[in-house]
Amino acid sequence: LIVLYASFALSESILQRALPTTFFAFYLAFLFALLHQQSQSNRLNSTTKTSLSVIVICKNEADRIGDCLHSVKDLADEILVLDSGSSDNTVEIAKQFSNQVFSTDWPGYGAQKQRALDKASSDWVLSIDADERVTPELCNEIKTLLATSPQCSGYRIPMATVVFGKRLDYGVTGRAPLRLFRRDGARFKEEKVHEGIELQGEVRTLTGRLLHHTFRNFYHAVEKNNQYAWLWAQQRQKQKKRTGLLLAFLHSLWAFFSISLFRLGLLDGRRGFLMATLYSHYTFNKYVALWSLRQKS
């Protein structure tokens with residue numbers, strides 16, 4: 001329009017004759033501006049970020065909680081940490097990343113995570129443990145996902161186990177637990193160990209990995225496996241499950257070959273062999289523990 005006015009100004013008669021065209025051009029410009037504004041508004045509304053709460057339960061995780069929370073600080077709208085009586089400075093470190101850090105008793109894994117879920121206020125929830133890390137790839141994937149208003153109810157996240165300083169890509173790494181889910185309608189099962197999530201609707205699987213620093217050292221590996229085996233046995237006893245020593249041996253043998261051969265754990269080298277052996281030992285212990293509890297009843 002400025003160029004046209006400069007041209008029309010060379011002749012007053014031309015400018016007078018061009019007034020109707022000028023008003024029509026202004027009208028078109030105004031109309032296109034309104035359409036463009038509406039289009040931009042619709043685009044922004046369609047990409048409005050869905051809010052995300054990250055929930056973490058912990059106890060005596062001062063050496064790992066910082067890295068865990070640092071990996072989600074740019075992703076979460078709120079971070080909720082439930083500590084069950086740490087004697088180290090876990091709580092102090094957690095408060096560097098969140099103003100919602102709570103000290104509670106210990107009712108069990110499922111019940112504790114449900115407490116954290118009850119405190120969440122965002123549309124979606126990401127549940128992780130203190131020994132886990134969100135990779136940059138997974139972080140970007142979740143950000144992109146939440147910016148498009150996902151239609152399903154939850155997402156499984158593939159795990160990548162890290163043991164003795166190296167990431168494993170086979171064997172025990174094959175798990176993909178449900179960790180990202182819509183808050184409304186979700187509930188943790190009240191189980192002592194390996195708690196699940198009750199959720200209605202479609203569940204899909206992401207491609208980004210969640211790093212799992214499962215053991216601090218070999219002593220911690222043995223201690224953790226024994227604790228989990230005992231909790232599993234107590235849980236199964238309440239469900240009136242039965243087993244025998246021969247069945248315990250067969251289950252442990254299957255666990256070793258399943259992880260090392262069928263799930264290609266041997267491709268992870270010495271660490272892959274060690275993890276298959278540890279998991280076989282854990283499997284044997286949990287069935288023997290259940291057998292021993294049944295002998296008392």
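## Aromatic pairs, strands and cores in a predicted model

The structure, which is a predicted model, holds nine aromatic pairs. One of them is formed by Y109 and Y228, whose rings meet edge-to-face, with 5.9 Å from centre to centre and 65 degrees between the planes. This pair links distant parts of the chain, since Y109 belongs to helix 6 and Y228 to helix 8, and the two positions lie 119 residues apart in numbering. Y109 has a relative accessible area of 17%, so it counts as buried, and Y228, at 18%, is buried as well. The rings of W254 and F262 offer another case: their centres are 5.5 Å apart and their planes stand at 35 degrees, so this pair is tilted. Both W254 and F262 are exposed. Returning to the first pair, Y109 and Y228 also join W106 in one aromatic cluster.

Rings can also have a charged side chain above them, and the table lists two such arrangements.

| Lysine | Ring beneath it | Distance from the ring centre |
|---|---|---|
| K119 | F102 | 4.3 Å |
| K286 | W232 | 4.8 Å |

The second of these lysines can be followed further. K286 is found in helix 10, which covers residues 269–296. Is K286 buried or exposed? Its relative accessibility is 11%, and because buried means under 20%, K286 counts as buried. When neighbours within four places in sequence are left aside, K286 is in contact with A229, W232 and A233, and W232 is the residue whose ring face it lies over.

Helix 6, the home of Y109, spans residues 109–119, and its buried residues are Y109, G110, Q112, K113, Q114, A116 and L117. Which elements do these buried residues pack against? They pack against helix 8 (218–238) and against several strands, namely strand 1 (52–58), strand 2 (78–83), strand 4 (124–127), strand 9 (178–182) and strand 10 (187–188).

Strand 4, one of those partners, deserves a closer look. In a regular strand the side chains alternate between the two faces of the sheet. In strand 4, W124 and L126 point one way while V125 and S127 point the other way, and all of them are buried. Strand 4 is joined to strand 1 by four bridges, and these two strands run parallel; S53, for example, has V125 of strand 4 as its bridge partner. Strand 4 is also joined to strand 9, here by three bridges and in an antiparallel arrangement, with W124 standing opposite R182 of strand 9.

The nonpolar cores draw on some of these elements too. The largest nonpolar core has 34 residues, and those that touch the most other members are L52, V54, L126, I142 and L180. Strand 1, strand 2 and strand 4 each supply at least two residues of this core, as do helix 4 (65–70), helix 5 (90–94) and helix 7 (136–146). Which element gives the largest share? That element is helix 7, from which five residues come. The contacts of I142, not counting residues up to four places away in sequence, are with L52, L75, L126, L180 and L206. A second core, separate from this one, has 19 residues and includes L80, L82, A116 and A120.

Helix 9, finally, runs from residue 245 to residue 262 and has 18 residues. How far does helix 9 reach from its first C-alpha to its last? The distance is 24 Å, which is close to the 26 Å expected at 1.5 Å a residue. Its buried residues are A248, S252, A255, F256, S258, I259 and S260, and after the helix comes L264, whose phi is positive, near 60 degrees. Of the buried residues, S260 can be described in some detail: it has a relative accessible area of 3% and is therefore buried. S260 touches G265, L266 and A276, when residues up to four places away in sequence are not counted. The C-alpha atoms of S260 and T277 are separated by 8.7 Å, although these two residues are 17 residues apart along the chain.

Conventions:
Residues numbered from 1 in each chain as written. Predicted model: local features only at pLDDT ≥ 70, side-chain atom pairs only at ≥ 80, totals over all residues. Heavy atoms only, no water. Buried < 20%, exposed > 50% of the residue type's maximum accessible area, 1.4 Å probe, protein only. Contact = heavy atoms within 4.5 Å. Expected span 1.5 Å × (residues − 1). Pairing = 2+ DSSP bridges. Phe/Tyr/Trp six-rings, centres within 6.5 Å; stacked < 30°, edge-to-face > 60°. Lys NZ or Arg CZ within 6 Å of the ring centre and 35° of its normal. Core = buried A, V, L, I, M, F, W, Y, C linked by side-chain atoms within 4.5 Å.
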